[in-house]
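Student: Could you take me on a close look at one part of this model, the salt bridges in chain C and the surfaces around them? I would like the cut-offs along the way.

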Amino acid sequence: MIPLDELLGFSGVLFAIGIFGVLTRRNFILLLVSIEIIMNAAILNFIAFAAYSPSGSPSGQSIAVILIGLAATEIAVGLAIVLALNRIIGSVNVAQAMELKL
Amino acid sequence: MVLGLGGRFLGKASGWIAVAAEGLALLAGVWIALTEASASTVYHDRSFVWFSLPDGTNLVMGTLVSPLGALMLIVVNVVGFLVVLYSIEYMGHEEGLPRYYAELMLFLTAMNGVVLADNYVEFILFWELVGLCSYLLIGFFWKRPSAASAAKKAFLVTRVGDVMFFVGVFIFFTAFATQTVNPAFASSVSVYPGASCPGHLTPTWACSGFVFAPPNTDSNVPFLAASALSGAANQTLMTLGGIMILGGAAGKSAQFPLHTWLPDAMEGPTTVSALIHAATMVAAGVFLLAITSMYLGFTPDAALVILGIGGFTALFAGTMGLVANDIKRVIAYSTMSQLGYMTMAVGAASFLVVGPGAGMYHLFTHAFFKALLFLSAGSVIHALNTQDLFEMGGLLKAMPVTGYTMLIGALALSGVPPFSGFFSKDALLSLTWTAAQKDPVALPFFLMAATGVFLTALYTFRLWFLTFSGSKGRSEAAHHAHEPSWIMRAPLVTLAALSVVAGFFPLIGGFNHWLPGLSYGIFGFTQTSKGWVFAAADLELAIASLALAFAGIAVAFALWGNGRVFHLADDSVWKAPQKVLVRKYYFDEAYDGLAHGVILGAARVFDWVDRYVIDGTIHGFEQVFSMASLRARRAQTGLVSSYAMWIVFGLVLLLIFVLYGIPYLGTLWGG
Amino acid sequence: MVALPYLLPYLPELTLLVATFVVFLLDVAGEHRRTTLGGVSAFFLIVAFVEVLADLGTWPFHALSTLPASWNGTAQGPILFTSLGIVFQGIFLAIAALVAIASLSEAEDPDGTPTFYALLLLASLGMLLVAISGDLILLLLAVEVTGISTYVLVGYTRKDRRALEAAMKFYIIGAFSTTISFFGASLVFGAYGTTSLLAFSQVPSDPSLALVGFAMIAVGLGFKVTLVPFHMWAVDVYDGAPAVVSAYLSAGSKKMGLFALFAIFVGAVRVFDTAGNGYALAIMMGGLAIATMTVGNVLALQQQTMKRMLAYSSISQAGYMLIGLAVNTTPSLSAATLQMVANVLMKGGAFVAVAAAAAIGVGPLITDWKGLGHRRPILSASFAIMLLSMAGIPLTLGFVGKFYLFFSAILAGGLFAILAIVGLLNSAISVFYYARILKHIYMPEETGSPDAHGGTRSLASSTLGSSTSPTDPQPSVAISEFRAMGYARMGVIVACAVLLIALGIYPTPIVTALNAAAHQFVALH
Amino acid sequence: MNVDALLFALVAGAGIVTALGALMAREVVHTIMWIAVFFITLALTYFLLLAAFLGVLQLAVYAGAVTILLLFAVMVVRKRIFSREAAIGIGAPAVALTFLVAYLMLEMATSVYTSEPGQGYSVADLSRNLFTLNGAWVLALGLVMLSALVGAIYLAHESRGKAIRSEEGA
C-alpha cells in the first residue's frame with residue numbers, strides 16, 4: 001500500500017497546481033478545469049484517509065462518492081453561466097468581463 | 001415622571017404643542033427635583049430590565065434621581081422651556097418647523113435621559129442620542145454648506161470623544177470588576193440612599209448606581225477615600241480610564257483638543273446654541289465628570305490632567321473670544337472657557353477627593369446666564385439680521401430690555417457680585433487654589449484660570465459695549481432696531497432674574513446636598529455641619545478675583561465703551577502692538593499696550609494652533625483615510641483572477657499561521 | 001412505525017420542500033405571475049418561520065430520542081439540533097420572506113419568475129440545513145445548495161450583462177472557495193477520522209493536519225462571510241446583482257456562513273488552543289475581524305454608488321460579527337447573533353430601499369439620492385433609520401447589537417478589549433460615510449434641477465415605477481409613495497425600519513432568547 | 001521499493017504532468033484531452049488504494065461525463081481560445097504563491113506518517129455507510145443537484161423574449 005504521506009504530498013502538489021491554474025488562466029473553461037484539479041485532490045485525500053482509517057469505516061469513500069457527484073453538478077452550473085455570458089459578451093475570457101470594478 | 005418623558009414625544013406638530021409638552025416636562029422635572037430635595041431617600045427605580053447577560057447580570061434602564069441629577073433636571077427643563085417658548089417667535093419664519101421642534105423635543109428627552117440614568121450603559125445610550133440631536137440641530141439650516149459641514153464636524157469630533165468615553169467606561173469596568181471594595185467603606189457609603197447596591201459596593205454593570213457624597217453630613221469628610229479599594233487597583237489602568245472618560249467629557253463639553261466643533265456649531269439656530277451649546281448638552285460632559293468623580297478620586301493623576309485641561313481651556317478659549325467678531329462666536333468661546341472652569345473644578349474636586357459641587361454650582365449658574373446671553377444675542381440678531389459686532393452699537397435705547405438683561409448676564413459672567421456667576425466662580429477658584437496648595441503642579445493652571453477671570457470680563461464687556469453702548473449704531477440696520485415681542489422678552493427677563501438669584505440657591509436649606517463637597521468659598525461662607533457660617537479664609541481670593549473682573553471691565557470700557565471701536569483683531573493684526581500704541585486715544589497706560597501685545601499674541605498663537613494643528617489633524621485623518629481608501633480601491637480590478645489571488649494570499653497567511661505561528665505561540669507561552 | 005414523529009422536527013425544511021414543488025407545479029401549469037408565485041413562496045416561508053418560532057417557544061420542542069437512531073443529535077449522525085441553529089433558521093427564513101415579499105414589486109418576467117422563487121426557496125432550504133448540520137460534510141453540502149442557487153439568482157436577469165458578469169465572478173470565486181474548503185475538510189477528516197462537528201472539540205493525534213484543514217475551511221466559509229481578504233467578489237456581485245438578491249446575499253447567505261463558522265470553530269477552538277496555548281483561534285479570527293472591519297469601512301469611504309457603499313459597509317459588519325467568534329463566549333455569540341438579526345433588518349431593508357428608489361428613477365450614485373428626503377419622506381426616513389442603525393446610533397437595534405458585541409469582548413477581558421476598541425474606532429469611521437449619505441438625502445435640491453419634483457427623470461426599468469412616477473404630483477402623500485415604489489416593497493422597508501426602532505428600544509425578549517440559545521450551543525460543543 | 005510504490009510513483013508523476021499539461025496546452029481541446037488522462041491517472045491511484053468502486057466511478061463520471069461536458073461546452077462556444085495568454089500583472093506573484101502553497105502542503109504532508117497497513121472496503125460496506133448512516137449527505141447532494149438543475153436549465157435556455165445577442169457561428 002502507498003504510504004499516506006506520499007499520497008498527501010501528491011494531493012498537495014495537485015492542490016498547488018490547481019491554484020496556479022485559477023490564478024493565471026483567463027479562460028473560463030480552464031478555470032473550471034483548475035477547480036476540478038483541486039476537487040480531485042480533495043477526493044484523493046478522502047480516499048487515502050479512508051484507506052488508513054483507524055476505525056475501519058468507509059466514510060471517506062462515501063464522501064468521495066458524494067464529492068464526485070457534487071463536482072459534476074458544479075461544473076454543469078458553471079458551464080450554464082459561461083454559456084449565458086458567452087451569448088452576451090461573445091467570449092469566455094474572464095478578462096473581458098471587467099465592467100464591475102473599483 | 002414617565003408622563004414628563006413621554007410628553008416630549010408629542011411635540012411633533014408645532015411650537016405651541018412643544019411649549020406645552022416642555023412646560024409639562026418642566027413641571028414634572030421641578031416636581032421631581034423638589035420631591036428629591038425633600039425626600040429622605042433617593043428615588044431609584046431599577047425595575048425595567050433592558051437586557052440580561054447570560055451570567056444573569058441585568059442591564060437595567062433604571063431611573064435615579066440623584067442630587068446632581070435633580071440639579072441638572074432643573075437646569076435642563078427650565079432653560080429648555082424658556083428656549084422653546086422663545087423659539088416660537090424667533091424661529092417663526094423658518095421652514096421645517098415640525099422637524100425643528102421634533103428634534104428639539106428628542107434632544108430634551110435624551111438630555112433628561114442622561115440626567116436620570118442610573119448606570120453608564122443607559123448614560124451612553126442617551127448620550128449618543130444627545131450627540132445625534134446636536135448634529136441634526138446644528139445642521140438645521142441644510143441650505144448653508146457651512147451649517148452642514150459644521151454639523152458633520154460636531155458629530156465627528158464628539159464621536160472621537162465618545163469612543164474614548166466608551167473605552168474609559170470599559171476600562172473602569174474591568175478595573176473594578178475584579179476588585180472588591182472594602183466592606184467597612186461600603187457600609188459607610190451605603191448610609192447614603194443613592195447607594196442602591198445591597199451589602200457591598202461593586203461598581204459593576206449590574207449595580208452601578210452613581211453614588212455621591214452622603215448628603216447633609218459634614219462635607220469636610222472626604223466622600224471617598226482612595227484607600228477604599230482593598231486590593232490595589234491597577235493605577236495605570238485607572239489613570240488611563242480616567243483620561244479616557246475625560247476624552248468623552250472633553251468631546252461633549254468642548255475642552256481643549258476636542259473643542260473645535262463648538263464655535264462652528266454656531267451655524268445652528270441661535271435658540272439651539274442657547275439650549276444645547278451653552279446650557280445643557282455641553283454641560284453633560286461636566287455632569288459626566290461629576291458623576292464619575294467618585295471613581296476619579298482613585299486616580300489623582302487623571303484628576304490633575306482634568307484640572308489642567310480645564311484650566312488651560314479656560315484661558316485658551318478666553319483669548320480666542322477676545323478676537324472674534326461674530327457675536328455668537330464670542331459667546332461660544334466664552335462657553336468653552338466657562339466649561340473649562342467647570343472641568344477644572346471637577347478635576348480639582350476629584351484630586352482633593354471631595355464632591356464635585358463647585359463645578360456643578362458653576363454649571364448651574366452658568367446655564368442661566370449663558371442661555372440669557374445667547375437669547376439676548378439672538379434677540380439682537382433677530383432685530384438686526386447681522387452677527388457682526390462691528391455693525392451694531394448704540395442699541396441700548398432701541399432695545400432696553402434686551403440690553404439690560406444682557407448686561408445682567410454679562411455681569412454674572414464676569415463674576416461681579418451679587419450676580420450668580422461671582423459665587424460659583426469664586427467657589428471653584430478657591431477649590432482649585434486648595435488643590436494648587438496641595439500639589440504645585442496645579443498652580444499654573446490656577447493662574448491660567450485667574451487670568452481667565454480678567455479675560456472673561458474683558459471680552460464680555462467688549463461684546464456688550466460694542467453692541468449696546470454709544471449713541472448711534474454703526475450700520476443701517478442698527479438704527480431701525482426694535483424690541484421683540486413679549487414671547488421673546490419673557491424668557492429674557494426670567495433668565496435675567498434667575499441669573500441674579502441662582503447664586504444664592506445653595507444657601508437655602510434643603511438644597512445644599514445637591515452640591516456635594518461645596519464647602520470652599522461662596523464669598524466666605526463655608527458649609528459646616530451647622531450650616532453655612534461665615535469664615536473669611538477665602539476672602540482674599542474673592543477680592544482678588546473681583547479686582548480682576550473689574551479690571552477687565554475697566555479695560556473693556558476704555559477700549560470699547562461709549563461707542564468706541566477698537567479693532568483688536570484687525571486684518572493687519574500683526575502690526576497690532578504698534579497700532580495699540582498709535583491709537584491710544586484716551587489712555588496712556590503702558591500696561592495696556594503690553595497686555596494687549598501679549599494677549600493678542602497669545603490669541604494669535606492659539607488661533608493658529610486651533611486652525612492648523614487641531615483642525616488640521618482632523619482633516620488630516622480624513623485625508624489619510626480617503627487616500628488609503630482610494631489606494632485600496634485599486635486592488636478591486638474587476639479581474640476575477642486577482643480576487644482569487646487575494647484569496648490564496650489569505651490562505652497562505654492562515655496556513656503559515658497554523659503551521660508556524662501556533663507552534664510558536666505554544667513555545668512563547670511555555671508549551 | 002409512525003413516520004410523523006420522526007418528521008416533525010424537520011417541519012420547516014419540509015415546508016420549504018413542499019413550497020418548491022408547488023412553485024414547480026405552478027410553473028408547469030403555466031402560471032408565471034409574480035403575485036401568485038411570490039405570494040405562494042412568501043406564504044410558505046412565513047409558515048416555516050412561524051414553525052421555527054413555535055419551535056423556539058417550546059424549546060426543547062422534542063426529545064432528541066424520538067429521532068431515528070442514526071440521525072439523532074449524537075456524534076454519529078449528521079443531524080444536530082441546537083437552539084442556536086433554530087434561531088438562525090428563524091433569521092434565514094425572515095430574510096427569505098422579506099426578499100420574497102419585496103420582490104413582488106419587481107418587474108414581471110414570465111421566464112425568470114418561477115426560477116427566481118424556486119431558487120430562493122431552495123437556497124433557503126440549504127440554509128435551514130446548515131443550521132441543523134451536525135456534520136462537516138453535510139454542512140458544506142448544504143452551504144453548496146445555497147451557493148449553487150445564489151450563483152444563478154445573481155444572474156437571473158440573464159439579459160443583463162452586469163448581472164451575468166456578477167454571476168460569473170461569484171461562481172468562480174465561490175466554486176474555488178468551496179473546493180478549498182472541501183480540501184480542508186478532507187484533512188480534518190484525516191485528522192479525526194470522522195466529520196462530526198461534535199468530535200472537533202477533542203484534540204486529534206495529528207493537530208497540524210487538523211489545523212491546516214480548519215484554516216482552509218475558514219477560507220471557504222470566509223468567502224461566504226466576505227471576510228477580508230476573501231471579500232473582493234462581494235462588492236462586484238452586490239453591485240451587479242438585482243438589489244433584492246443583494247439583500248438576500250448580504251443578509252442571508254452571509255449569516256449562513258457565519259453560523260457555519262460558529263458551528264465548526266466553537267468546538268475547534270480547543271485544537272487551536274491546545275496547540276498554541278490559548279488565544280490561537282482568537283488571534284486568527286480576531287485578525288480577520290480587524291482586517292475586515294477596517295478594510296470594509298475605509299473602502300466604503302470613497303464609494304460613489306449606493307450599492308457598492310452598502311456592500312462595503314456589509315463587509316465591515318461581517319467583521320463586527322466575527323468578533324463574536326473570536327471572543328467565543330456565550331455573550332459574544334449571543335451578541336453576534338443579535339447583530340445578525342439587526343443586520344437582516346437594516347441591510348436587507350437598505351438593499352430593498354435601493355431597489356425601491358431605482359423604481360422611481362433614482363440613479364445608482366449616492367448623489368442621485370440628493371433631496372429625496374423631501375420628495376419621498378417615508379422611503380427616506382426608513383432608509384435613514386437603517387443607516388443610523390448601521391452606524392450604531394442609539395434607539396436602533398444596530399446600536400444594541402454593536403454595543404452588546406463590544407461589551408461582550410470587554411467582558412471576556414484581556415486582549416479581547418483590543419477588538420472592542422478597534423470596533424469602536426471603526427464605527428466612528430463609519431459615521432463619516434453614513435452621515436454623507438444622510439446629508440445628501442436631506443439636502444434641499446438645487447432649483448431648476450430637472451428631477452426636482454416627482455422623479456420625472458424616469459430611467460426606471462420597472463414598469464410599475466415608470467408608469468406612475470411621472471404623474472406623481474403629491475409627493476408627500478403616503479399612498480402615492482407606496483404606489484410609486486410598490487406596496488410590497490414599501491411595506492417591507494417600513495416594517496424593517498419600525499422593527500429596528502422597536503427592538504432597539506426594547507430588545508429584552510430577543511436578547512434573552514438569544515442568550516439561552518447561545519448558552520446551549522456553547523455547552524454542547 | 002515494492003511494486004505499489006513504484007506504480008504510485010509512475011501514476012503520480014503522470015498525474016502531475018497531465019495536470020500541468022492541461023493548464024499549459026495551447027488549445028482548449030488539448031486541455032480537455034490532458035485532463036481526461038489526468039482523471040484516469042487518479043482512477044488508477046484509487047485502484048492502488050483498493051478503492052475499486054471509486055476508481056470506476058472516477059472513470060465514469062470524471063473521465064467520461066465531465067470530460068464530455070467540457071468538450072460539449074467548447075463545441076458550443078466554438079472558439080479557438082487562447083490558453084497561453086499572458087498572465088498580465090499577476091504572473092509572478094501567482095507563481096510565488098503557488099510554490100508557497102506547494103511547499104506548505106508538502107511540509108504538512110511530512111508530518112503525517114502511518115505504518116499501519118491500509119484497508120479496502122467492499123461496495124456493500126460502502127453503500128451501507130452511505131445510505132444508512134450518512135443518508136443525509138445523499139439527500140443534501142440531491143438538493144444541490146436539484147438547484148443546479150433548475151439554475152442550469154434556466155441559464156442555458158434561450159429566453160422567451162429576444163436575446164440580446166445571437167449566438168455566433170452556431
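Tutor: Happy to; here is a walk through chain C, its salt bridges and its contact with chain A, with a short look at another interface afterwards.

Two notes on conventions come before the details. This is a predicted model, in which local features need pLDDT of at least 70, side-chain atom pairs count only at pLDDT 80 or more, and totals for chains, interfaces and linings use all residues. Residues are numbered from 1 along each chain as its sequence is written, chains are lettered from A and ligands numbered from 1 in the order in which they are written, and side-chain values use heavy atoms, with hydrogens and water left out.

Let's begin with the chain as a whole. Chain C has 21 helices and 0 strands; these are DSSP runs, with H or I of at least four residues for a helix and E of at least two for a strand, numbered from the N terminus. Of its 525 residues, 71% are buried, where buried means under 20% relative accessible area, exposed over 50%, and partly exposed in between (1.4 Å probe, protein chains only). Chain C exposes about 13,100 Å², and carbon and sulfur atoms supply 70% of that; the areas come from the Shrake-Rupley method with a 1.4 Å probe, and for residues only the protein chains shown count as cover. Taking contacts in chain C between residues at least 6 apart in sequence, 79% join residues at least 24 apart, a contact being heavy atoms within 4.5 Å.

Now for the salt bridges. The term stands for a side-chain nitrogen of Lys or Arg within 4 Å of a carboxyl oxygen of Asp or Glu. Over all chains, the whole structure holds 6 of them. In chain C, a network of salt bridges links Arg162(C), Glu165(C), Lys169(C), Asp236(C), Asp239(C) and Arg308(C).

Asp239(C) is a good place to enter that network. One partner is Arg308(C), with the closest N and O atoms 2.7 Å apart. This pair links distant parts of the chain, as Asp239(C) sits in helix H9 and Arg308(C) in helix H12 (residues 306-327), 69 residues apart. Both Asp239(C) and Arg308(C) are buried. Another partner of Asp239(C) is Arg162(C), and here the closest N and O atoms are 3.3 Å apart. Arg162(C) belongs to helix H7 and Asp239(C) to helix H9, so this salt bridge ties together parts 77 residues apart in sequence. The two residues differ in cover: Arg162(C) is partly exposed at 30% relative accessibility, while Asp239(C) is buried at 12%.

Helix H7 of chain C also holds a pair of its own. Glu165(C) and Lys169(C) form a salt bridge with their closest N and O atoms 2.9 Å apart. Both lie in H7, 4 residues apart, or about one turn of the helix. Glu165(C) is buried, with a relative accessible area of 0%, and Lys169(C) is buried with 0% as well.

Next comes the contact with chain A, which takes 39 residues from chain C and 41 from chain A. The two chains bury about 3,500 Å² between them, 79% of it given by carbon and sulfur atoms; buried area is the accessible area (1.4 Å probe) that two parts lose on being put together, summed over both. Arg161(C), Tyr171(C) and Phe183(C) supply 19% of the area that chain C buries there, more than any other three residues. The count of salt bridges between chain C and chain A is 0. Helices H6 (136-154), H7 (161-192), H8 (207-225) and H9 (232-240) of chain C each supply at least two residues of the side that touches chain A. H7(C) gives the most, with 22 residues. By class, this side of chain C has 21 nonpolar, 7 polar and 11 charged residues; Ala, Val, Leu, Ile, Met, Phe, Trp, Tyr, Cys and Pro count as nonpolar, Asp, Glu, Lys and Arg as charged, and the others, Gly among them, as polar.

To set beside this, here is the interface of chain D with chain A. It takes 79 residues from chain D and 70 from chain A. Chain D and chain A bury about 7,000 Å², 76% of it on carbon and sulfur atoms. Across this interface, too, the rule finds 0 salt bridges.
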